[in-house]
Amino acid sequence: MRDQAGRRRVRRLAIGTAVVLALAGTNGPWVYRFATAQYHQYKINRPEYKAANGHWDIIEFPKEYRQDTIHAALLHTGKVLLVAGSGNNQDNFDARRFDTRIWDPAKGTIKKVPTPNDLFCTGHTQLADGSLLIAGGTKRYEKLKGDVKKAGGVMILYNENPDKPMTLPAGTAFTGRQNGRTFVSQDPVLIPRATKVFDRAGKWLRNNPGYGRVYVEAPLEGSQFETGTQDNYRIRGLTGADARNTYGIAQKLALDKKDFEGIRDAYEFDPVAERYIKVDPMNEARWYPTLTTLSDGRILSVSGLDDIGQLVPGKNEIFDPATRKWTYTTRTRQFPTYPALFLMQNGKIFYSGSNAGYGPADVGREPGIWDVGTNAFAKLPGLGDPTMMETSGTVLLPPAQNEKFMVIGGGGVGESKLSSRKTRLIDLQARSPRFADGPELAKGTRYPQASILPDDTVLVSGGSEDYRGRGDSDILQARLYHPDSNSFTRVADPLVGRNYHSGSILLPDGRVMFFGSDSLYGDKANTRPGKFEQRIEIYTPPYLYRGSRPSLGGGPQTIARGASGTFTSRQAAGIRKVRLVRPSASTHVTDVDQRSIALDFRTSGDRITVRVPENRNLVQSGWYMLFVDDDQGTPSVAQWVKVP
């Protein structure tokens with residue numbers, strides 16, 4: 001009866017569409033547009049179309065639960081953590097309105113979660129126990145040139161005393177020796193003691209001064225307080241030797257744009273209690289940092305803008321989940337903000353060159369392999385469009401054992417209009433790894449969203465041709481990349497444009513969730529301010545329109561590396577792939593967590609026995625989705641498995 005009713009509905013729609021199309025000839029453009037839309041809806045909802053192209057559905061939360069989602073992560077409870085913080089909204093920031101939601105895609109429920117600080121533009125990654133580590137966020141919003149009323153900037157403070165450090169409180173005044181102008185610090189600052197330098201015979205040669213940085217600004221508004229050249233600054237309140245040994249140097253202090261500033265705060269989000277737990281703060285404030293799991297399970301925190309709006313000068317640090325404390329790495333290395341950093345099977349870090357924003361155009365942009373312990377960095381050649389890596393996406397292609405990566409799209413540094421159509425591929429297991437161009441995108445694409453699917457394809461969707469979707473340049477297209485044939489196939493078009501502040505997450509049922517988008521303007525002429533996209537969109541891939549899907553049940557909840565576990569499936573004899581997929585934590589075109597690992601398996605009757613690889617760098621400790629695929633490429637609903 002249901003099939004007959006469905007056929008009748010389709011027939012009525014087809015007849016109605018035909019009548020409207022017939023009327024279009026006598027009723028002009030409006031009727032024609034209406035008819036075209038009606039036919040399009042008929043076309044994309046046909047079963048055969050869905051089976052070939054998949055289908056998109058929009059989910060709009062009740063008004064009181066909507067937010068400007070900037071970050072999203074899949075939790076091992078099957079729910080999705082949606083983090084906005086202030087949501088790129090100055091009014092929310094000023095009012096201390098910070099938002100987080102927990103959404104259950106299976107039940108359709110949504111819940112508000114108290115948010116302890118502005119976690120807008122934070123960093124995050126999955127921890128071994130299933131918690132999510134979140135570090136950094138926003139201390140101050142940017143001020144554009146024209147909005148800045150007090151001249152200011154960064155002052156470098158020096159301490160030439162080798163016997164004691166100096167601490168200067170917020171509100172310390174600095175007066176230029178030549179220009180005579182006074183500026184006031186906005187935060188306290190510690191200036192380390194000087195370091196004594198000796199020759200080989202032990203004879204003292206000199207003292208290398210310790211230094212700190214602080215943001216200063218004029219006490220009054222007006223351009224008359226701007227300085228155009230470097231000056232040396234006396235520190236008010238210091239006398240004697242302290243006054244001689246401690247001083248400031250600043251370049252131009254002006255009414256220029258002031259960048260965002262970061263915070264040091266760090267939290268673990270408990271997915272069971274559904275609350276934030278504060279942990280030891282980072283040593284450096286960070287806004288736009290990347291968090292990446294290391295070989296030993298500790299977490300590396302890299303880059304970001306600090307508490308005076310400057311790029312952290314290569315001072316990277318590591319979080320130990322056992323102690324919940326941070327320590328600096330022994331050596332420095334600088335990257336642009338949100339660098340794409342992936343743990344390799346040899347324990348080193350692959351940097352693809354992808355990043356999402358701030359930093360000099362000539363520092364830390366080249367891709368390479370980084371040994372964090374020794375700080376050695378081996379550059380990788382052959383990158384296509386190397387100057388257009390900002391806002392590009394990088395994905396570890398499935399299966400992860402092959403250690404092949406794809407870099408997708410990207411654009412010029414900063415607010416450049418340039419965008420790249422290129423994809424670039426690299427095989428890190430090759431004797432001499434080198435990038436090569438892959439299949440091109442239809443358009444130059446900034447902010448592409450990419451999600452690994454359990455059938456070993458990669459869904460690439462959305463993005464925009466221009467910076468933050470300027471000129472109404474969102475790309476309403478989606479493609480599946482096939483690693484086995486190195487090719488794209490076009491699938492159903494998304495309904496919602498996605499550019500800056502957007503991302504995608506693979507769900508346990510095999511669908512993909514899309515969130516966010518923060519267009520700078522809302523029209524082609526760039527005259528109307530853009531509106532943050534609060535709707536969620538779900539893509540159902542073609543493999544879920546092929547009829548029944550294999551079942552998967554039973555089995556252990558924990559499987560150690562090198563060990564096996566047995567599950568049940570009525571379709572066990574037809575299973576062709578088993579994949580262990582790490583859940584995503586996505587923001588700003590950066591998702592270094594997601595990976596799909598092929599598992600060896602054997603079947604007997606209705607049982608499937610799977611084995612987890614032994615390499616801890618391939619299979620990082622934590623929770624995973626276990627999928628089985630049948631001979632049609634249709635995946636099961638995932639079972640959650642923990643690898644200790």
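Reader: Buried or exposed: which word fits Arg470 and Asp466?
Author: This is a predicted model, so the answer is computed from its atoms. The cut-off for burial is under 20% relative accessible area. Arg470 falls in that class, and so does Asp466. Both residues are buried.

Reader: What N to O distance separates the side chains of Arg470 and Asp466?
Author: A salt bridge needs a nitrogen of Lys or Arg within 4 Å of a carboxyl oxygen of Asp or Glu. The side chains of Arg470 and Asp466 meet in such a bridge. Their N to O distance is 3.0 Å.

Reader: How many salt bridges does the whole structure hold?
Author: Side chains of opposite charge can pair when their charged atoms come close. A search for such pairs covered the whole structure. The number of salt bridges found is 34.

Reader: Why is Glu533 classed as buried and Arg535 as partly exposed?
Author: The side chains of Arg535 and Glu533 meet in a salt bridge at 2.8 Å, N to O. Buried means under 20% relative accessible area, and partly exposed runs from there up to 50%. Glu533 counts as buried because its relative accessibility is 15%. Arg535 is partly exposed because its relative accessible area is 28%.

Reader: Where in the chain does the salt-bridge partner of Arg582 sit?
Author: Arg582 meets Asp593 in a salt bridge of 3.4 Å, N to O. The two are 11 residues apart, with Arg582 in strand 42 (residues 575–582). Both Asp593 and Arg582 are buried. Asp593 lies in the loop between strand 43 (585–586) and strand 44 (595–598).

Reader: Which residues join Lys139 in one salt-bridge network?
Author: Some salt bridges here share partners. Shared partners link Lys139 into one network. The other members are Arg140, Asp187 and Glu261.

Reader: Which strands form the edges of the sheet with the order 44-42-47-48?
Author: This sheet is open, has four strands and pairs in the antiparallel sense. An edge strand pairs on one side only. The edges are strand 44 and strand 48 (639–643).

Reader: By what average angle are neighbouring strands of the 44-42-47-48 sheet turned against each other?
Author: The sheet is open, with antiparallel pairing. The average ignores strand direction. Neighbouring strands are turned by 35°.

Reader: Which residue of strand 44 stands opposite Arg579?
Author: Strand 42 and strand 44 pair in the antiparallel sense. Four bridges hold that pairing. Opposite Arg579 stands Ala598.

Reader: Which residues pair with Tyr158 in strand 16 and in strand 18?
Author: Strand 9 (residues 152–159) runs antiparallel to strand 16 (residues 210–217), joined by eight bridges. Strand 9 also pairs with strand 18 (residues 246–250), antiparallel, over four bridges. Tyr158 faces a tyrosine in each: in strand 16, Tyr211, and in strand 18, Tyr247.

Reader: Which residue in the turn between strand 4 and strand 5 has a positive phi?
Author: Four bridges join strand 4 (residues 99–104) to strand 5 (residues 109–112), and the two run antiparallel. One partnership puts Ile102 against Lys111. The strands form a hairpin with four residues between them. The residue with a positive phi, about 80°, is Gly108.

Reader: Which residue is the bridge partner of Leu341 in strand 27?
Author: Strand 26 (341–343) is an edge of its sheet. That open sheet has the order 26-27-28-29 and antiparallel pairing. Three bridges join strand 26 to strand 27 (residues 349–351). The partner of Leu341 is Tyr351.

Reader: Which residues lie nearest the centre of the largest pocket?
Author: The volume of this pocket is about 1100 Å³. Its lining divides into 19 nonpolar, 13 polar and 15 charged residues. Out of 47 lining residues, those nearest the centre are Asn88, Tyr467, Arg468, Tyr500 and Leu520.

Reader: Which strand gives the largest share of the lining of the second largest pocket?
Author: This pocket holds about 660 Å³ of space. Its 19 lining residues include Gly212 and Arg213, which are among those nearest its centre. Strand 13 (189–191) and strand 16 each supply at least two lining residues. The largest share, four residues, comes from strand 16.

Reader: How many charged residues line the second largest pocket?
Author: Glu284 and Lys315 are among the residues nearest its centre. Asp, Glu, Lys and Arg count as charged. The lining has 10 nonpolar and two polar residues, and its charged residues number seven.

Definitions and conventions: Residues are numbered from 1 along each chain as its sequence is written. This is a predicted model: local features need pLDDT of at least 70, side-chain atom pairs count only at pLDDT 80 or more; totals for chains, interfaces and linings use all residues. Side-chain values use heavy atoms; hydrogens and water are left out. Two strands pair if DSSP finds at least two bridges between them. Buried means under 20% relative accessible area, exposed over 50%, partly exposed in between (1.4 Å probe, protein chains only). Axes are lines fitted to C-alpha atoms, for helices over the stretch in contact, and angles run from 0 to 180 degrees between N-to-C directions. On a 1 Å grid over the protein atoms alone, a cavity is a set of points where a 1.4 Å probe fits but cannot get out, and a pocket is an open set with protein on both sides within 12 Å along at least five of seven lines; lining residues have an atom within 4 Å of a point. Grid points are joined across faces, edges and corners, and a volume is the space filled by probe spheres set on the points.
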